[in-house]
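Grab a pencil and work through these exercises with the model open beside you. Try each task before reading its solution.

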Amino acid sequence: EEEIKSDIVVNVSGPVNLEDLNTESSFIRSIKKETNKFDKRGFITDKNFMLTNQIYTPGILAYNFNPSRQTIIKAITNNSKKTINEILKKISKH
């Protein structure tokens, strides 16, 4: 059985203009600087909320966070399930 280790960062802020936000945590600031994949609506991810090969952002900081206008908790839960399934698919290929 393979062991998977990861960090989970939970953002509890509301929707914000990511381009103008300059007082965010150093972690978010570093992701903005390193990836440069964002606009005012959020980080630009793929359909599985993958920002980079190792960073997924299924929450409100993703550009494509909630097009169906679900409740925030429902959208985060559904997006997280999608992300987890994608990670598990990648792991099972190894």
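**Exercise 1.** Which pattern does the protein follow when you read along the sequence?

*Solution.* Before you start, know that this is a predicted model, where local features need pLDDT of at least 70, side-chain atom pairs count only at pLDDT 80 or more, and totals for chains, interfaces and linings use all residues. Residues are numbered from 1 along each chain as its sequence is written, and side-chain values use heavy atoms, with hydrogens and water left out. Now list the elements: helices (H or I, at least four residues) and strands (E, at least two) are DSSP runs, numbered from the N terminus. You should find 2 helices and 4 strands. Put in sequence order, they read α-β-β-β-β-α.

**Exercise 2.** Find the buried residues of helix H1 and work out how they are arranged.

*Solution.* Step one is the cut-off: buried means under 20% relative accessible area, exposed over 50%, and partly exposed in between (1.4 Å probe, protein chains only). In H1, which spans residues 26–35, that picks out Ile 28, Ile 31, Lys 32 and Thr 35. Step two, look down the axis of H1: these buried residues fall within an arc of 100°, so they line one face of the helix. (The arc is that of the directions from the helix axis to the C-beta atoms.) Step three, check the face turned away from the buried side, which carries the exposed Ser 26, Lys 33 and Glu 34. Finally, ask what covers the buried residues: the cover includes strands E1 (38–39), E2 (42–43), E3 (50–52) and E4.

**Exercise 3.** Track down the aromatic pair in the structure and classify it.

*Solution.* Rings of Phe, Tyr and Trp (its six-membered ring) pair if their centres lie within 6.5 Å; planes under 30 degrees apart count as stacked, over 60 as edge-to-face and the rest as tilted. A search of the whole structure gives 1 pair. The ring centres of Phe 38 and Phe 43 are 6.2 Å apart and their planes sit at 70°, so call this one edge-to-face. Phe 43 has 2% relative accessibility, so it counts as buried.

**Exercise 4.** Where is Thr 57 placed, and which residues does Thr 57 touch?

*Solution.* First, locate Thr 57 in the loop between strand E4 (55–56) and helix H2 (72–92). Next, its relative accessible area is 13%, so Thr 57 is buried. Last, look for contacts (heavy atoms within 4.5 Å). Not counting residues up to four places away in sequence, Thr 57 touches Phe 43, Thr 45, Phe 49, Leu 51 and Ala 62.
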